[in-house]
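This report looks at how charged side chains, aromatic rings and strands are arranged in one protein chain. Please keep the sequence and the structure in view while reading.

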Amino acid sequence: MPITDPDNRAELIETIHQPWKATLGECLRRWNGLDPLRRTQSYLVIEENSGNRLTLNAAMIAIMAERLVA
């Protein structure tokens with residue numbers, strides 16, 4: 001997984017009806033605060049500077065959160 005800039009725009013989707021738009025760093029901190037069940041049901045869409053979008057499942061979010069959130 002590429003290391004992504006924590007200031008990139010991202011959406012944390014806890015439920016399909018409530019995407020939360022913020023920076024990647026903010027989304028990862030919010031994801032860390034979720035209960036375990038909501039974490040497993042969430043996914044993250046990252047808007048990279050190139051215009052590409054990267055979608056991560058809970059397992060990949062956990063890896064990225066460990067790397068980017070202190």
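In this predicted model, Glu 14 and Arg 30 form a salt bridge in which the closest N and O atoms are 2.9 Å apart. The pair links distant parts of the chain, since Glu 14 belongs to the loop between β1 and β2 (19–23) whereas Arg 30 belongs to helix α1 (residues 24–32), and the two are 16 residues apart. Glu 14 also takes part in a salt bridge with Arg 38, and here too the closest N and O atoms are 2.9 Å apart. Because Arg 38 lies in helix α2 (residues 36–41) and Glu 14 in the loop between β1 and β2, this pair ties together parts that are 24 residues apart in sequence. The count of salt bridges comes to two, and Glu 14, Arg 30 and Arg 38 are linked in a network.

How do the members of this network stand with respect to burial or exposure? Glu 14 has a relative accessibility of 12% and therefore counts as buried, because buried means under 20% relative accessible area. Arg 30, at 35% relative accessibility, counts as partly exposed, and Arg 38, with a relative accessible area of 30%, is likewise partly exposed.

Arginine side chains also meet aromatic rings in this model, and the table sets out the two contacts in which the charged end of an arginine sits over a tryptophan ring.

| Charged end | Ring | Distance from ring centre |
|---|---|---|
| Arg 30 | Trp 20 | 4.5 Å |
| Arg 39 | Trp 31 | 4.7 Å |

Arg 30 thus appears in both settings, as a salt-bridge partner of Glu 14 and as the residue whose charged end sits over the ring of Trp 20. As for contacts between aromatic rings themselves, the count of aromatic pairs comes to zero.

The strands remain to be described. Strand β1 (residues 9–13) pairs with strand β3 (residues 43–47) in the antiparallel sense over five bridges, and within this pairing Ile 13 of β1 has Tyr 43 in β3 as its bridge partner. Strand β3 is in turn joined by four bridges to strand β4 (residues 53–56), and these two strands also run antiparallel; Val 45, for instance, has Thr 55 in β4 as its bridge partner. Together β3 and β4 form a hairpin with five residues between them, and Gly 51 in the turn has a positive phi of about 100°.

Key: Residues numbered from 1 in each chain as written. Predicted model: local features only at pLDDT ≥ 70, side-chain atom pairs only at ≥ 80, totals over all residues. Heavy atoms only, no water. Pairing = 2+ DSSP bridges. Salt bridge = Lys/Arg side-chain N within 4 Å of Asp/Glu carboxyl O. Buried < 20%, exposed > 50% of the residue type's maximum accessible area, 1.4 Å probe, protein only. Phe/Tyr/Trp six-rings, centres within 6.5 Å; stacked < 30°, edge-to-face > 60°. Lys NZ or Arg CZ within 6 Å of the ring centre and 35° of its normal.
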